Amino acid sequence: LAPQGDWLLDKPAPGYPGYQVEYWRKIYQDAGAEMLHNTGSALRVYKTLRGGGAVLIALDVPGGRCTRFLGKPVDLDDGTAQLAARTGTLILPAALMSVGRRWEIQISEVLDPRDFADPDKLHATLATVHEKLIMCAPEHLECPPLWLWGRVSREGWFRK
């Protein structure tokens with residue numbers, strides 16, 4: 001199960017941006033992931049995890065948790081840590097990494113929510129794991145899209 005924003009599920013824009021959306025859709029389809037709108041998906045995601053299913057959740061989306069990320073404050077969503085703590089679900093941090101002229105998924109060590117004092121500590125650790133993955137190939141980090149973030153600057157990425 002893969003909750004997604006409207007940008008990926010709505011009709012793609014014409015031209016290159018639309019082509020990129022179609023490419024991402026194909027990646028999810030080929031992986032056998034079922035995409036659904038992230039808005040209103042909490043109960044289904046919760047039930048999927050409680051039932052032993054897998055859910056793919058992005059870390060780098062705006063949310064209410066101010067997190068130290070890549071050396072600056074970033075307002076990140078902390079849904080992954082919150083869900084893991086509530087359901088007892090293990091987290092497998094993963095990232096798409098370049099290898100020569102192709103890509104591969106790199107999976108980091110599992111994070112068990114029972115090993116953390118609270119969801120905040122789990123969230124901070126998850127951010128640190130992703131920082132390390134990003135720093136393996138920082139040249140592939142894209143600028144945060146302004147249509148998704150309210151304010152992006154050298155000082156941080158902010159929801160509003």
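Let's start at one spot in this predicted model: Asn38 sits in the loop that links strand β2 (35-37) to helix α3 (42-50). Is Asn38 buried, exposed or something in between? With a relative accessible area of 39%, Asn38 is partly exposed, because that label covers values between the buried limit of 20% and the exposed limit of 50%. Leaving aside residues up to four places away in sequence, Asn38 touches Pro3, Gln4 and Gly5. For a sense of distance, take Ile91, which is 53 residues away from Asn38 along the chain. The C-alpha atoms of these two residues are separated by 19 Å.

**The whole chain**

Now let's step back. The protein chain contains five helices and eight strands. Followed along the sequence, they come in the order β-α-α-β-α-β-β-α-β-β-α-β-β. The chain has a radius of gyration of 16 Å, and the globule rule gives 15 Å for 160 residues; these values are close, so the chain is as compact as a globular protein of that length. Along the principal axes, its C-alpha atoms fill a box of roughly 45 × 40 × 35 Å.

What share of the 160 residues is buried? The answer is 34%. There is also a figure for contacts across the sequence: among contacts with a separation of 6 or more, 55% are between residues 24 or more positions apart.

**How the helices pack**

Helix α3 begins soon after our starting loop, so to speak, and its partner here is α4. The axes of α3 and α4 come within 10 Å of each other and cross at roughly 45 degrees. That angle makes α3 oblique to α4, because it falls outside the ranges for roughly parallel (under 35 degrees), roughly perpendicular (65 to 115) and roughly antiparallel (over 145). The crossing of α3 and α4 is right-handed. On the α3 side, the contact is made by Val45, Tyr46, Leu49 and Arg50, and on the α4 side by Leu83, Arg86 and Thr87. Sorted by class, this contact has four nonpolar, one polar and two charged residues.

Helix α4 (residues 79-87) also packs against helix α5 (residues 119-135). Here the angle is about 130 degrees, and the axes are 8 Å apart. Again the helices are oblique to each other, and the crossing of α4 and α5 is right-handed. Which residues of α4 and α5 make the contact? From α4 come Thr80, Ala81, Gln82, Ala84 and Ala85, while α5 supplies Pro119, Asp120, Leu122, His123 and Leu126. By class, the contact of α4 with α5 has six nonpolar, three polar and one charged residues.

**A closer look at Asp120**

Asp120 belongs to helix α5. At 37% relative accessibility, Asp120 is partly exposed. Not counting residues up to four places away in sequence, Asp120 touches Arg65 and Gln82. Asp120 and Thr67 are 53 residues apart in sequence, yet their C-alpha atoms are 9.5 Å apart in space.

**Around strand β3**

Pro62 lies in strand β3, which covers residues 62-69. Apart from residues up to four places away in sequence, Pro62 touches Asp75, Leu76, Asp77, Leu148, Trp149 and Arg159.

The loop between β3 and β4 (72-76) holds Leu70. Its phi angle is near 55 degrees, a positive value in a residue other than glycine. Leu70 counts as partly exposed, at 24% relative accessibility.

**Around Gly150**

Our last stop, Gly150, is in the loop between α5 and β7 (151-153). Is Gly150 buried or exposed? At 52% relative accessibility, Gly150 counts as exposed, because the cut-off for that label is over 50%. Outside the residues up to four places away in sequence, Gly150 touches Phe158, Arg159 and Lys160.

**Pairs of residues**

The table below collects some C-alpha distances.

| Pair | Separation along the chain | C-alpha distance |
|---|---|---|
| Asn38 and Ile91 | 53 residues | 19 Å |
| Pro62 and Thr128 | 66 residues | 17 Å |
| Gly150 and Thr39 | 111 residues | 18 Å |
| Asp120 and Thr67 | 53 residues | 9.5 Å |

How values were computed:
Residues are numbered from 1 along each chain as its sequence is written. This is a predicted model: local features need pLDDT of at least 70, side-chain atom pairs count only at pLDDT 80 or more; totals for chains, interfaces and linings use all residues. Side-chain values use heavy atoms; hydrogens and water are left out. Axes are lines fitted to C-alpha atoms, for helices over the stretch in contact, and angles run from 0 to 180 degrees between N-to-C directions. Helices (H or I, at least four residues) and strands (E, at least two) are DSSP runs, numbered from the N terminus. A crossing is left-handed if the near helix is turned anticlockwise from the far one by less than a right angle, and right-handed if clockwise. Contact means heavy atoms within 4.5 Å. Ala, Val, Leu, Ile, Met, Phe, Trp, Tyr, Cys and Pro count as nonpolar, Asp, Glu, Lys and Arg as charged, and the others, Gly among them, as polar. The radius of gyration is taken over C-alpha atoms; the globule rule is 2.2 Å times the number of residues to the power 0.38. Buried means under 20% relative accessible area, exposed over 50%, partly exposed in between (1.4 Å probe, protein chains only).
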